[in-house]
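Colleague: I would like a close look at one part of this chain, taken slowly enough for a first-year student to follow. Could you choose one stretch and explain how its pieces are placed and what they touch?

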Amino acid sequence: MRAVLCQYCVPKDARPTADQAPLAADSRMEESSSILAAANVLLLAQQPVLSVLSVTSSASSADGSNASAELNPLTPFDVIDARGNIESGGKGLCQVCGDKSHGAHFQVQTCRACAAFFRRTCAGGRSYKCRRATKNCDVSKNATLNCRYCRFERCKKVGMKYHKSVDDVPSDVPQTSIDVSNIKQEVVTPSPADPAPSTASVHYDNHRVLMDIDRIHGSIASILEGNVINYGPSLGASAFRVVYHSTMDRVKYAYEELFASEMRLKRSLEQVIKVDIKRILNRLSVNYVKYAKFLMAMPQFAKLDMKDKWLMYRRATSLFVLFDTAYPTISTFGYDVKDRRIIFDCETCADVDNFEFHAEGMPDVTEREVNKVFIKFPRDVINNLVTPMRKMRLTEIELVYLQVLMLWDIRSIPEVSENAREVANRVYDEVSQEMDKYYRNELRMSTYATRLVKLCSIQSEMMKYAATKKNAHQMGELFDTFYCDLYGPKFLSRG
């Protein structure tokens, strides 16, 4: 049997060089000719490849007959691998955790999170201890706690093998493992849009809210270690012009794909008095992955060093309230400044003056502490963010512009490199010029100073809100009254 190595499992220094690339391309020419032909036709027609390109594949049934697969359009989550084959996220289940598989990684069908975990463990020569000292912990996607020792043992048991280079892979799959103690750290390049993880399991231990943060962190790491993510119409040369997306174009497409599309789904919205904490945390675990994807939609961010990426990402996690709560509330309930309802997710809302946080199974003392400390934050969102946004009738372009300004305001991060600071200044200049064109050409405003002042005020309130909420979590941990894995420093300090 031939060894199977996907493009994400092969170290960068082992991939074909510029001199070798033409030879590799020639060997794949015949196999991918139909795909290339279809792509060229669509390019000339100026149609977005990702939204209309479809392929026909045939599969053999059990009795040996062939059946044609249905035509499915490509989405931003589909991958064209190194051989020109189109994979829609892979088939079957991950052999490690049982989640949906997204192709062969390290010779085994796995999900992206387990593949990234195995790569980091092997490349870094890491060792773990069983959390329960039983060495038979549950490592399925629904496990209460994630034991990294048992997860890694499961990876080896199902046959995952780490190789230093392509030359280390013989014609037949080897039965012995390669020594990984001295292997240098490598970078996994994930698919353009690594799918969000399953909602994390939540359980309680006195005042502590415990979650499977390893899986979430693995998904985030695989995205930040990858390449820039393109949303919206495809890039490239058309028959008449070169297609170019500005920074504002890119982040607008990313916002629509990752955040706005969620609220456009027609779902019944229930107004509740008791807001389920588990629902909030599960949505946040999914949004953490969206935040990474949004940042990676900007080439300026994608090209930064990994240290700068993680520093900016950790700070950014507290700055997306405008995207995931404030503006969805306005989109759902309109511009009435007297409306006190707020969106918690696509199916749940509440009156900020008449609700409380609740979670089945949470100790009463923890629930009281949560409400004592955190019940004021939804009110702050309505009073200090949603209401000013309603009064000025904030547009989506202004929303995205405001988000970009906050994400690239890295003056408060002393560890960030000088290169990142220079990039931030260039991003500021570019998006400011684009907004000048937007105000003058689209809104027909000869002067827009008043709107900029209002945007600055909202930005100031957003930064104040993020700092206050961060302090609340830190005080809860310091005085041993409340702690959540997803907000804790152990999660956000990784990278």
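Modeller: What follows is a walk along one stretch of the chain, from a helix through a loop into the next helix.

This is a predicted model, in which local features need pLDDT of at least 70 and side-chain atom pairs count only at pLDDT 80 or more, while totals for chains, interfaces and linings use all residues. Residues are numbered from 1 along each chain as its sequence is written, and side-chain values use heavy atoms, with hydrogens and water left out.

For the setting, the chain has 16 helices and 16 strands (DSSP runs numbered from the N terminus, helices being H or I with at least four residues and strands E with at least two). Of its 495 residues, 47% count as buried (under 20% relative accessible area with a 1.4 Å probe and protein chains only, against over 50% for exposed and partly exposed in between).

The walk begins at helix α14, residues 418-442, which packs with helix α6, residues 247-264, at an angle of about 85°, the two axes being 9 Å apart (axes are lines fitted to C-alpha atoms over the stretch in contact, and angles run from 0 to 180 degrees between N-to-C directions). The two helices are therefore roughly perpendicular to each other, a term for angles of 65 to 115 degrees. On the α6 side T247, M248 and D249 make the contact, and on the α14 side E430, V431, E434 and M435 do so (contact means heavy atoms within 4.5 Å). Sorted by class, this contact has three nonpolar residues, one polar and three charged.

Beyond α14 comes the loop that leads to α15, and R444 has its place there. Although R444 is not a glycine, its phi is positive, at about 55°. Most residues other than glycine have a negative phi. R444 counts as exposed, because its relative accessibility is 70%.

The walk ends in helix α15, which spans residues 449-478 and in which R451 is found. R451 counts as buried, because its relative accessible area is 16%. Leaving aside residues up to four places away in sequence, R451 touches M392, R393, L394, E398, Y439 and M445. So where does this leave the two arginines of the walk: R444 in the loop is exposed, whereas R451 in the helix is buried.

Note on methods: Angles under 35 degrees count as roughly parallel, over 145 as roughly antiparallel, 65 to 115 as roughly perpendicular and the rest as oblique. Ala, Val, Leu, Ile, Met, Phe, Trp, Tyr, Cys and Pro count as nonpolar, Asp, Glu, Lys and Arg as charged, and the others, Gly among them, as polar.
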